[in-house]
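Subject: Structure for your review

Dear colleague,

I am handing over the structure below, together with an account of what was found in it. Please read the notes alongside the coordinates.

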Amino acid sequence: MLCYPDRRSALRAGAAVAAGALAAACTPAGPAAPAKAAPDKPAAPAKAAPAKAAPAPRRFAGQPVEIGHGPRGRPGVALTFHGNGDPAVAKAVLAEAERAGARVTVLAIGAWLDAHPEMARRILDGGHELGNHTQRHLAINTLPEEQAYAEITGCADRLKRLTGSIGTWFRPSQTQYATPLVRKLAQRAGYPHVLSYDVDSLDFTSPGAAAVVRTVIGPIQGGSVVSLHFGYADTVDAMPPLLEELARRKLRAVTTTELLTP
Ligand SMILES: [Zn+2]
């Protein structure tokens with residue numbers, strides 16, 4: 001059975017094969033269907049099914065609902081990024097991480113994924129983690145229940161459509177900590193935990209790359225979760241010296257799941 005890794009190659013291949021054969025691609029392996037079972041109506045267009053569903057959220061035993069950092073005394077740290085802004089800047093940050101063998105966690109804004117849907121796969125293909133940072137990045141703690149919930153599920157729906165999973169993590173927008181209501185809504189939407197952080201890089205204030213590195217390296221320790229942002233040139237420039245300094249301190253940038261996995 002032919003199986004196309006993505007919609008584009010399926011469409012390319014589709015030019016050369018019958019529509020019925022294209023629709024059959026990626027169905028479970030088994031005996032070939034007899035010709036008479038072929039649909040007599042034209043086959044529906046092939047859906048953009050993800051090649052492989054991204055991991056679903058997990059509950060981590062012993063961790064509070066809102067996680068600010070992982071276990072101390074271990075060499076892992078999690079660099080977590082607010083996923084928004086110019087995709088070229090985002091790709092430059094990812095490339096710097098990958099050059100140093102680092103894995104990061106991206107909390108994507110739903111509206112950003114709407115504008116740049118290819119970023120979801122780019123992030124996952126780099127071995128990074130992808131999560132939910134609400135649909136529009138409003139001050140979620142101040143919204144009425146229904147609107148706050150819609151902000152969470154709006155982004156979750158997009159992640160599900162693009163990757164087969166609602167994303168591994170949820171991080172509230174415009175706040176370090178979620179209110180009890182927002183925590184409850186995140187759990188209702190399918191996220192057992194809310195991902196906070198214990199180190200704020202302040203990179204969004206564009207203080208210069210050297211200041212970003214200093215602000216992170218000062219308080220960081222094993223188990224830390226660092227808040228960073230896509231969309232800022234300083235963050236791109238800060239990545240190589242930051243990763244070098246982490247290596248010097250025998251700290252390794254890992255995904256948040258790896259950080260919390262015993
Ligand atoms: Zn944010």
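To place a residue in a loop one first needs to say what the loop lies between: helices (H or I, at least four residues) and strands (E, at least two) are DSSP runs, numbered from the N terminus. Please keep in mind throughout that this is a predicted model.

With that convention, the chain has 10 helices and eight strands, and of its 262 residues 39% count as buried. Among contacts between residues at least 6 apart in sequence, 77% join residues at least 24 apart.

Much of what follows concerns strand S6 (199–200), strand S7 (225–229) and helix H8 (residues 209–217), which together make a right-handed β-α-β unit. S6 and S7 pair in the parallel sense over two bridges, with Val-199 standing opposite Val-226 in S7. Strand S2 (residues 76–83) also pairs with S7 in the parallel sense, over five bridges, and there Thr-80 stands opposite Ser-227.

S7 itself is mostly covered, five of its five residues being buried. Both of its faces are involved, since Val-225, Ser-227 and His-229 are buried on one side and Val-226 and Leu-228 are buried on the other. Val-226 deserves a separate look: the largest nonpolar core has 63 residues, and Val-226 is listed with Leu-79, Ala-186 and Ala-253 as those with the most contacts inside it. Leaving aside neighbours within four places in sequence, Val-226 is in contact with Val-77, Ala-78, Leu-79, Thr-80, Tyr-197, Val-199, Ser-201, Val-216 and Ile-220.

Turning to the helix of the unit, the buried residues in H8 are Ala-209, Val-212, Val-213 and Val-216. Why do the buried residues of H8 line one face of the helix? Seen down the axis of H8, they fall within an arc of 95 degrees, so they line one face. The spacing is in keeping with a general property: an α-helix has 3.6 residues a turn, so residues three or four places apart point the same way. What covers the buried residues of H8 includes S6, S7 and helix H9 (233–248).

The loop between S6 and H8 holds two residues whose backbone you may wish to inspect, Leu-202 and Ser-206. Most residues other than glycine have a negative phi. Leu-202, however, has a positive phi of about 55 degrees although it is not a glycine, and Ser-206, likewise not a glycine, has a positive phi of about 50 degrees. Leu-202 counts as partly exposed because it has 16 C-beta neighbours inside 10 Å, and Ser-206 counts as partly exposed because it has 13 such neighbours inside 10 Å.

One further loop residue is Asn-141, found between strand S4 (129–132) and helix H6 (145–163). Is Asn-141 buried or partly exposed? With 15 C-beta neighbours inside 10 Å, Asn-141 counts as partly exposed. The C-alpha atoms of Asn-141 and Pro-172 are separated by 7.9 Å, although the two residues are 31 residues apart along the chain. Not counting residues up to four places away in sequence, Asn-141 touches Pro-172, Thr-175, Ala-178, Thr-179 and Val-182.

With best regards

Methods
Residues numbered from 1 in each chain as written. Predicted model: local features only at pLDDT ≥ 70, side-chain atom pairs only at ≥ 80, totals over all residues. Buried ≥ 20, exposed ≤ 12 C-beta atoms within 10 Å, placed from the backbone. Arc of directions from axis to C-beta. Contact = placed C-beta atoms within 7 Å. Core = buried A, V, L, I, M, F, W, Y, C linked by C-beta atoms within 7 Å. Pairing = 2+ DSSP bridges. Right-handed = clockwise from strand over helix to strand, strands pointing away.
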